[in-house]
Amino acid sequence: MERHARVVVIGGGVTGCAILYHLAKMGWRDLVLLERKELTAGSSWHAAGSLFALTSPSSAAVLQKYTIELYPKLEAESGQACGYHPVGGIHLARTDDQVTALRLLHSRGKRNGIESEFISIEEARRMAPILKTDGLKAVLHEPLKGYCDPASVTQAYAKAARDRGAKVYRQTPVIATTPLPDGRWDVVTPQGTIRADYVVNAAGLWAREVAALAGIALPLMPVEHHYMVTETIPEIAALGREVPNISEPSGGYYCRQEGKGLLLGAYESRCTHWAEEGTPLEFGHELLPDDLDRIEANLARAVEAIPCLETAGIKRVINGPMIFSPDLGPLLGPHPDLKNYYCACGVMSGFNQGGGVGKVIAEWITEGEPSLDVFFWDVARFGGWAGKRFTRERTKFFYEHRTDIVYPFQEFAAGRPIRTFPIHDRLAEAGAVFGFNYGFEYPLWFTRPGEPRADRYGYGRGNWFDTVGEECRAVREGVGLLEISTFAKYEVTGPGAASWLDRLLANRMPKTVGKTVLSPMLSPKGRLIGDFTVTRLGEARFLLLGSGPMQRYHLRWFAQNLPADGTVKFENLSARYCGLQIAGPGSRALLQKVAEGDMGANAFPFLSGREMELGACPEAIVVRVSFTGELGYEIYLPAEYQRGLYEELTTRGRALGLRHFGSRALLSLRVEKGFPSWGIDLSPDYGPFEPGLDRFLRLDKPDFIGKAATQARAAAGPPKERLVTLTVDADGTDCFGGEAIYRNGELAGYVTSGTYGHYLRESLALGYVRSPLVEDGAAVEVEVVGQRRPARLSTRPRYDPDGERMRG
Ligand SMILES: Cc1cc2nc3c(=O)[nH]c(=O)nc-3n(C[C@H](O)[C@H](O)[C@H](O)COP(=O)(O)OP(=O)(O)OC[C@H]3O[C@@H](n4cnc5c(N)ncnc54)[C@H](O)[C@@H]3O)c2cc1C
């Protein structure tokens, strides 16, 4: 066995083999995969192999499409059949909400070129004569659906990788991984030790055990999953061709042809965890005892659609374990606490996602960054707060509701609360309905006295609509208070702080103490990887404010780029510091009531910030920025002072008509102002030009990360698409993201944020439109819940386009 490798991949399931293949394909040599037993010896050998591409978020659909389209190429390259059957699939809808869910799926698929079309009930019956069509309201056909043979796919990746020079060692368990001071790893097996530049944990069911070898814990929990295969079904045998895959939103099952019978898989409504305390090391090509009672309800649903299942003989029942993260998405990428250690764990749907995961991990290792936004699958999206109980409760909930419709703005209670801020109970008393953000509870909106403190979900406007309207008007006309503790806060200090930030961020750092700038952060390839508010608090002291959920991702990036000479230090203040925002024309008067000194427009101008005594807190940091479009202040202070300041602001604010507002009002206010938000309108899928953040670039600075790539992009001409505002002639339902936009009947772009603009009283959206089609005032159409609605495009904000109110 080799003594050295550039990359050691641990685990020979579909994920590990796909990573090895992609690394080899990208031209890397000295690649080794170590497998404890035989290839596929985890979840991979007993998977059902069902395939689908239509899913969300958007990049997940891109990766699933990529994976499925790879199979014919992989077969050709490796000479190993993948058992790939591109039979297509149909999604059934029985209720109006299911019809809407399918319309949205169809509309969103267009962004990524994933074909689908609504077919008539007769056409569905022709495609799948086994289908009982009574009660069906709509059928969506997805041609990319189908199935593959899981063991063959895994072998094909391994064969193609070996043909390109990679080595695969079976019966070679990794028993230790030891980090070395130079960032390399010693990967220890009974057969010898390999010194590796990079390690990839692709150990599937044993990812937790392999992670523990490196001293880290991953939020993963295995669950049992059943499917069964029937004997020959005469109707199918008589057809002489294959039937498409069949599934339905909220159905809890998936069905596809297997031989001349059917394979029926069930997301049991009673999730059963397996091996909670750790996967047995000796577990191999084994199954778990089946328990058909658990899938009775799923079977009954399937029989309603496919009656021949009721009488079909059962040839085999499979109950196998698979391992999930709390949101059922994979945990990918460099582990934030380790050097050169990549995770490719918790891959829930390896035959739909494996190729995409392989590509992304290979790009990350060889090129330093993936070619598309994969934050929704990044291992950094969970912090230490995602403990065992949370993981158990979330995996249970999401598994049991795997096929349920997810409504716009839907929040999930499972596993919560975990972390709360000091004024949580006070906000609850004020009527807050809470959402979940990086482990914390934060206010979405505030109910009126006597109103039930809960969201009611649907595709129309939510039960919060009117109240959020009042919150918005209170901010525009008076003063509102928003709890903003979930924002990430970092302190950067040291003699090298200013020059380091100037290299890390694309804007020029403030020269003067007390000044604030907004700055994008770019990857070396010029992708947006952050969006920060930076305030110079001292000669060698800066406060950075950024996206809360991105904090582990950002800390990983800061650490990777920190100078080795010790001249810069950064500290994550996010959990230790809380935040309150006051916004609206009355906010200055309110601030003045609790502050020492002059808070007037000249003394405390827009885009400035300072540490000051505020109420009883001697060390509050106040920054004058605005995400609402109004005069406003963000206040950050050590957690122990939050309650006191809150009491003072609410007491003193009473005379000014102070009103609480939540994130749903903030959405409405910022969309009226045309402000994009991180993770919704801004992500690594864009550079600074598409969303108009180029106004914060300083290409004349000596150098910063991403400068060369950004200059090249600028030289290549206008960006392909641009962020615009749309005013939609809505019919009681607003956009909420993902909807297709048309101009002159041609697909022109897609929506990223959608809401009702309560102050302007118009239905609004932000979205990206192909640059040549962007024209101020142009008539366009937007597919709102599947119905094309007329809309008007604006290149300027709908509210206060010159920003006079926030600067005032
Ligand atoms: C019943 C069932 C049906 C499914 N149906 C589908 C489906 O229809 N479509 C779909 O896409 N997905 C399906 N899946 C999910 C799919 O099986 C998994 O997503 C996929 O197999 C995960 O692959 P993996 O390579 O990440 O993990 P695994 O397959 O678990 O592979 C991990 C490998 O790592 C090896 N390993 C572990 N520890 C070590 C060590 N210390 N040293 C060396 N090697 C080690 C293991 O032996 C194993 O071979 C199904 C799963 C189940 C259980």
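Me: How much space lies in the second largest pocket?
Reply: About 640 Å³ of space lies there, a volume being the space filled by probe spheres set on grid points joined across faces, edges and corners. The model is predicted, so local features need pLDDT of at least 70 and side-chain atom pairs pLDDT 80 or more, while totals for chains, interfaces and linings use all residues. Residues are numbered from 1 along each chain as its sequence is written, and side-chain values use heavy atoms, without hydrogens and water.

Me: What makes a residue part of the lining of the second largest pocket?
Reply: A pocket is an open set of points on a 1 Å grid over the protein atoms alone, where a 1.4 Å probe fits, with protein on both sides within 12 Å along at least five of seven lines; a lining residue has an atom within 4 Å of a point. The second largest pocket has 30 such residues, and P334, W364, G368, W557 and Q560 lie nearest its centre. The largest share, five residues, comes from α14.

Me: Why is the pair formed by the ligand and R36 called a polar contact?
Reply: A polar contact is a pair of N or O atoms within 3.5 Å. An oxygen atom of the ligand is 2.8 Å from an N or O atom in the side chain of R36, so the pair fits the definition.

Me: Which backbone atom pairs with the ligand at 3.3 Å?
Reply: A backbone N or O atom of N352 lies 3.3 Å from an oxygen atom of the ligand, so this pair also meets the definition.

Me: How many residues surround the ligand?
Reply: There are 39, each with a heavy atom within 4 Å of the ligand; the closest are T15, E35, R36, S44 and V347.

Conventions:
A polar contact is a pair of N or O atoms within 3.5 Å; within protein, one must be able to donate a hydrogen and the other to accept it, and residues adjacent in sequence count only if both atoms are side-chain atoms. Helices (H or I, at least four residues) and strands (E, at least two) are DSSP runs, numbered from the N terminus.
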